[in-house]
Amino acid sequence: MIAWTIYITFAGAVLLLFMSRALSRWIALATSVGGFAVSLVAFVNAIDVGTFKTIVRVPWVPILGMEYHLAVDGISLTLALVTSLTAVSAVLFSWDVEHRQNEFFFWLLLVVGGSYGVFLSADLFLLFVFYELVIVPKYFLIAIWGSTNKEYGAMKLTLYSFFGGALVFIGIIAAYVTAGSLNLHDLVEFPFPPQFQSWAFPVLFLGFAVLAGIWPLHTWAPTGHVAAPTAGSMLLAGIIMKLGAYGGLRVAMNLFPQGFQMWSGYIAVFAVIGILYAAAVALRQRDLKFVIGYSSVSHMGFVLLGLATANVLGVSGAVLQMFSHGVIAALLFAVAGRMIYRRTHTRDLDALSSMNLSRALPFAAFSFVIASAASMGIPGFSGFAAEITILIGAWKTYPIAVWITGAGMVLVAAFTLRALKRTFFDTVEDVKSVTSVTSSYRETFEPITLAEKLGAGLLMFATLAVGLYPKLLLDRIVPAVEAMRFLTK
């Protein structure tokens, strides 16, 4: 059933090319809601979540052994669910797009459909096709509907993506030539020589990690986030960065466990550096979207640290963090890009601090407070559940990394509180001017729309539900992680 997320999404994208402009946003919403409904039903009704179980398998290019082969386990279900959540909210936050509406939603749905395909593929070449399919829509979304340095941001993101894709393709070819199969089930059982794994693993993992925002190949992320339209930023942070982390886990780490053991220490080092460096840089930014962009890189560092632990707790925490960060980052970018920037026409913290936005846009302030609390890892939100699980797993393998990461968490709290205060709660020295400024902005700013409230409400509910009861996801994630080959016993 979960395979229908792909078919519904691509069918909706094609339909948009032939329907009138007036119907485009409704078609996009119906398509994304359909994908969400399918993924939610599949998630709730899943039984054997510890097995990467085949759901569709038909020949594609038989002479090369390529198949249209889809499979699903608890990890795939979890990431398909966050994809559908982000897609619905991205459409809602794009409700007022006027410029080339059909094309906008067409490219948006292609990104979503390609992401579903990556999370469900059980054939290496099919996974690569879906993985590369996401790149072109990303470029057009940013280059046409973006804002700050949109051509530069779109091209930089695309070039980095193609560079990472080239490394992935080399790794896939090497695995195919050595094992004679593209089927992930067969490849997992194949005994790749240790010498082969020692170089094939870093090539394949690095190719995927570029899209996950690994330091020092992370610079595309903040630039791309800032240049992208609101929905583009939400998809980049909420879904696309997870494609890289998922590929590293599902393909590189699981196919080449000995190679992973050789290089896991380096992954942990790069992860910790990424957490600290990106958080420190975010603390110095004056553009709100740059703050959130570097925040995404820092939080993805936690994902990489969890993967490097090679134990059930750490890796399960990494997958939980993929879900959590997807929801939180999408909400942060939605507030910054749509609720604030589209009304104030600025993201500069100094300019925003004089607008008294907590009174002019109270719902935006409330949403940003919730998102900030979740991002800082306050108990009761998904960010806390994910990060504490990762740190407990990391303590077993890299206790020193946990101490260092603690400094990164302090920096995360510092830049998040700084951005929150400067954007919504800065004090104005002249008290008399507060009333006049607030009233004038209330008249100037259009109120938060119902679509925006629904989109934000969906994301806030998700982070609260998982934070208060993480067992909802961990019951699906842990059995799938326990079946992985690379875990240390």
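Begin by selecting Ser115, which is buried, its relative accessibility being 0%. In this predicted model, Ser115 sits in helix H4, and if its neighbours within four places in sequence are set aside, the residues in contact with Ser115 are Thr83, Val134, Ile239 and Leu243. Showing these four together with Ser115 gives a first view of the surroundings of a residue with 0% relative accessibility.

**The whole chain**

Now zoom out to the entire protein chain, in which 22 helices and two strands are found. The radius of gyration is 22 Å, close to the 23 Å that the globule rule gives for 489 residues, so the chain is as compact as a globular protein of that length. If you orient the view along the principal axes, the C-alpha atoms fill a box of roughly 75 × 55 × 40 Å. Colouring by accessibility will bring out that 62% of the 489 residues count as buried, while the accessible surface comes to about 17,500 Å², with 69% of that belonging to carbon and sulfur atoms. Among the contacts with a separation of 6 or more, 82% are between residues 24 or more positions apart. If the charged side chains are displayed next, there are 29 positive and 23 negative ones, and the centres of these two sets lie 3 Å apart.

**Helix H4 again, and its partner in H6**

Return to helix H4 for the aromatic side chains. The whole structure contains 26 aromatic pairs, and one of them joins Trp107 and Phe140 in a stacked arrangement, at 4.7 Å centre to centre and with 15° between the planes. This pair links distant parts of the chain, since Trp107 belongs to helix H4 (residues 101–120) and Phe140 to helix H6 (residues 135–145), 33 residues apart. The two partners fall into separate accessibility classes: Trp107 counts as buried at 16% relative accessibility, because buried means under 20%, whereas Phe140, with a relative accessible area of 29%, is partly exposed.

**The loop between H9 and H10**

Select Trp215 and Phe270 next, an aromatic pair that is tilted, with 6.0 Å centre to centre and 40° between the planes. Here too the pair links distant parts of the chain, Trp215 being in the loop between H9 and H10 and Phe270 in helix H12 (residues 257–282), 55 residues apart. Trp215 is partly exposed at 26% relative accessibility, and Phe270 is likewise partly exposed, with a relative accessible area of 33%.

Keep Trp215 in view and add the residue that follows, for the peptide bond from Trp215 to Pro216 is cis, with omega near 5°. Pro216 is placed in the loop between helix H9 (194–211) and helix H10 (220–227).

From Phe270, step back to Val269, which is also in helix H12 and is partly exposed, with a relative accessible area of 47%. A distance label from Val269 to Tyr139 should read 31 Å between the C-alpha atoms, the two residues being 130 residues apart along the chain.

**An aromatic cluster, and the end of H11**

Which residues should be selected to show one aromatic cluster? They are Phe190, Phe192, Phe196, Trp199 and Phe256. After these, select Asn254, which lies in helix H11 (residues 230–255) and counts as buried at 6% relative accessibility. Not counting residues up to four places away in sequence, Asn254 touches Val188 and Leu249, and also Met484, Arg485 and Phe486.

**Two positive phi angles, on either side of H14**

The last stop concerns backbone torsions. Ala310 is not a glycine, yet has a positive phi of about 60°, and this residue is located in the loop between helix H13 (288–308) and helix H14 (312–344). Moving to His345, you will again find a positive phi of about 60° at a residue that is not a glycine, this time in the loop between H14 and helix H15 (349–353).

Are Ala310 and His345 buried or exposed? Ala310 counts as buried at 2% relative accessibility, while His345 is exposed, with a relative accessible area of 64%.

Definitions and conventions
Residues are numbered from 1 along each chain as its sequence is written. This is a predicted model: local features need pLDDT of at least 70, side-chain atom pairs count only at pLDDT 80 or more; totals for chains, interfaces and linings use all residues. Side-chain values use heavy atoms; hydrogens and water are left out. Helices (H or I, at least four residues) and strands (E, at least two) are DSSP runs, numbered from the N terminus. The radius of gyration is taken over C-alpha atoms; the globule rule is 2.2 Å times the number of residues to the power 0.38. Buried means under 20% relative accessible area, exposed over 50%, partly exposed in between (1.4 Å probe, protein chains only). Contact means heavy atoms within 4.5 Å. Accessible areas come from the Shrake-Rupley method with a 1.4 Å probe; for residues, only the protein chains shown count as cover. Lys and Arg count as positive and Asp and Glu as negative; His and the chain ends are not counted. The place of a charge is taken as NZ of Lys, CZ of Arg, CG of Asp or CD of Glu. Rings of Phe, Tyr and Trp (its six-membered ring) pair if their centres lie within 6.5 Å; planes under 30 degrees apart count as stacked, over 60 as edge-to-face and the rest as tilted.
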